[in-house]
Amino acid sequence: MRVVSARDFQSKRENDYGTPEQNETVKSIVNSVRAEGDIALLRYTEQLDRVKLEASGLRVTEAEMQAAYERVEPSFVTAIRAAADRIRAYHDKQKRQSWMDFQADGSILGQIIRPLRRVGVYVPGGKAAYPSSVLMNVIPAQVAGVPEIVMVTPPASGGEMGINPYILVAAAEAGVTEMYRVGGAQAIAALAYGTETIQPVDKICGPGNIYVALAKREVYGAVNIDSLAGPSEIAVLAEEGADPSYIAADLLSQAEHDEMASAILVTPSLSLAEAVSAEVERQLELLPRRDIARTSMDSYGAAVVTDSLTDAIDIINRLAPEHLEIVTKEPMAIVGQIENAGAIFLGPYSSEPVGDYFAGPNHIIPTNGTARFASPVDVDDFIKKSSLIYYSKEALLRDGETIMELARREGLEGHARAIGIRLDQERNTGGTTK
Ligand SMILES: NC(=O)c1ccc[n+]([C@@H]2O[C@H](COP(=O)([O-])OP(=O)(O)OC[C@H]3O[C@@H](n4cnc5c(N)ncnc54)[C@H](O)[C@@H]3O)[C@@H](O)[C@H]2O)c1
Ligand SMILES: N[C@H](CO)Cc1c[nH]c[nH+]1
Ligand SMILES: [Zn+2]
């Protein structure tokens with residue numbers, strides 16, 4: 001991992017999302033699926049996932065889900081249930097209630113909260129399978145009360161039609177009843193526009209690689225999306241005294257996700273930066289996915305040395321990382337200065353994978369600097385709100401002239417007249433109409 005001074009550090013991620021070629025590829029896949037439906041889905045699944053399917057084979061059956069229990073260890077079932085309980089407990093706290101404010105003049109103002117009717121959840125399954133992402137998608141949708149949750153995930157690569165059994169068991173445990181074996185940009189397009197087999201949804205949530213993230217951006221507007229939760233990122237803010245082997249391990253935990261993942265240490269300590277860099281080289285060799293981790297470390301990894309802790313915090317706020325670990329003597333004293341980060345992990349024992357799998361907060365988190373304006377998936381992603389306005393006669397008589405003044409200053413006489421016609425009527429009838 002390169003050690004660089006803050007002055008020489010230029011994040012490779014401060015550009016637009018994806019290369020021009022990746023953007024073109026995604027546009028072309030999305031347009032083809034929109035125009036051709038299932039035929040394009042099957043073509044891209046064969047081309048990109050090397051799995052040949054018939055349209056009738058797109059839907060994953062309940063029997064497949066149940067059969068998968070035979071192929072996973074009982075310890076996995078215990079673990080996924082324990083994780084689901086923690087994730088559900090955390091998301092239960094986010095539930096919103098509809099509310100109404102009864103005013104003294106007889107008016108009622110409020111907000112009605114309703115679940116979205118049909119949502120699509122993407123579970124990544126290209127280079128690795130992510131049963132944990134099944135829970136992170138499905139549980140908040142269930143807590144919100146979404147009646148139709150449609151899961152998509154790529155068929156296990158290597159020519160088999162099957163889905164990874166850990167994903168199937170996680171889906172069965174979560175109560176998924178509608179699942180399709182399709183991934184990448186083609187799955188996102190199918191959820192957005194529908195095909196002969198897949199009915200369109202109202203919103204698409206879930207993480208994925210660059211093609212998935214770009215496809216979500218491409219279909220936004222036809223459907224809503226959660227955020228651009230693309231290739232994983234970690235930034236560690238640390239000072240002298242932090243354990244280099246812990247930091248290196250946590251950096252590599254995200255680097256192993258994807259060649260496009262990013263892992264950055266920011267510290268005022270040159271000696272810590274050098275120790276972490278050496279530790280990364282040592283630990284890299286121990287990883288089964290070292291080729292992926294090395295590519296991402298070489299492309300996007302860095303140990304950035306700053307003049308001060310304040311400068312280090314500035315860099316973190318500029319990066320707006322998906323995950324931030326603060327490993328300083330007083331992490332609580334720093335957290336208030338962090339403006340941009342998707343999930344913040346405090347202290348030496350809050351290793352990032354604690355949040356990936358188990359603590360309870362959602363691991364579907366915006367990337368590539370978009371934590372500046374976006375948030376991790378939560379129950380709010382699966383609801384919508386309607387404003388409620390009941391104006392009493394008394395209230396309209398009181399506020400009518402003010403509303404007409406505002407309408408006329410916008411040059412919208414029709415708006416003013418809609419109010420005026422009621423005021424006139426009330427005045428002419430001496431206020432006897434109800
Ligand atoms: N930000 C988050 O919240 C979060 C959470 C979990 C995982 N992730 C990220 O999810 C990603 C998972 O990636 P993955 O690849 O393992 O699975 P994936 O399911 O996201 O992507 C696999 C699909 O990508 C498509 N694809 C692959 N190469 C392509 C190409 N050259 N052209 C067009 N399409 C192509 C294929 O259709 C394939 O099915 C990683 O980047 C990981 O870091 C992010
Ligand atoms: N770190 C990922 C989010 O970027 C989430 C995850 C799932 N499994 C392992 N990690
Ligand atoms: Zn992870």
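**Surroundings of ligand 2 and a nonpolar surface patch**

In this predicted model, a nitrogen atom of ligand 2 is placed 2.8 Å from an N or O atom belonging to the side chain of Asp356. When ligand 2 is considered alone, 290 Å² of its surface is exposed, and 92% of that area is buried by the protein. Two further polar approaches involve the side chains of Ser232 and His257: an N or O atom in the side chain of Ser232 is 2.7 Å from an oxygen atom of the ligand, while a polar side-chain atom of His257 lies 3.1 Å from a ligand nitrogen atom.

The shell in which these contacts occur consists of Tyr130, Ser132, Ser232, Gln254, His257, Glu322, His323, Glu352, Asp356, Tyr357 and His363. By residue class, this shell around ligand 2 comprises six polar residues, three charged residues and two nonpolar residues. With respect to secondary structure, helix α14, which spans residues 352-357, supplies the largest share of the shell, contributing three residues.

Apart from the ligand surroundings, a nonpolar patch was identified on the surface, where Ile389, Tyr391 and Ile403 together form an area of about 290 Å². Of these residues, Ile403 is located in helix α15, which covers residues 393-409. The relative accessibility of Ile403 is 33%, and this residue is therefore classed as partly exposed, since that category lies between the limit of under 20% for buried residues and that of over 50% for exposed ones.

Conventions:
Residues numbered from 1 in each chain as written. Chains lettered and ligands numbered in written order. Predicted model: local features only at pLDDT ≥ 70, side-chain atom pairs only at ≥ 80, totals over all residues. Heavy atoms only, no water. Near = heavy atom within 4 Å. Polar contact = N/O pair within 3.5 Å; in protein donor to acceptor, adjacent residues only side chain to side chain. Areas by Shrake-Rupley, 256 points an atom, 1.4 Å probe, with all protein chains shown as cover. Helix = DSSP H or I, 4+ residues; strand = E, 2+ residues; numbered from the N terminus. Nonpolar A, V, L, I, M, F, W, Y, C, P; charged D, E, K, R; others polar. Patch = residues over 30% accessible without salt bridge, like charges linked within 9 Å, V, L, I, M, F, W, Y side chains within 5 Å. Salt bridge = Lys/Arg side-chain N within 4 Å of Asp/Glu carboxyl O. Buried < 20%, exposed > 50% of the residue type's maximum accessible area, 1.4 Å probe, protein only.
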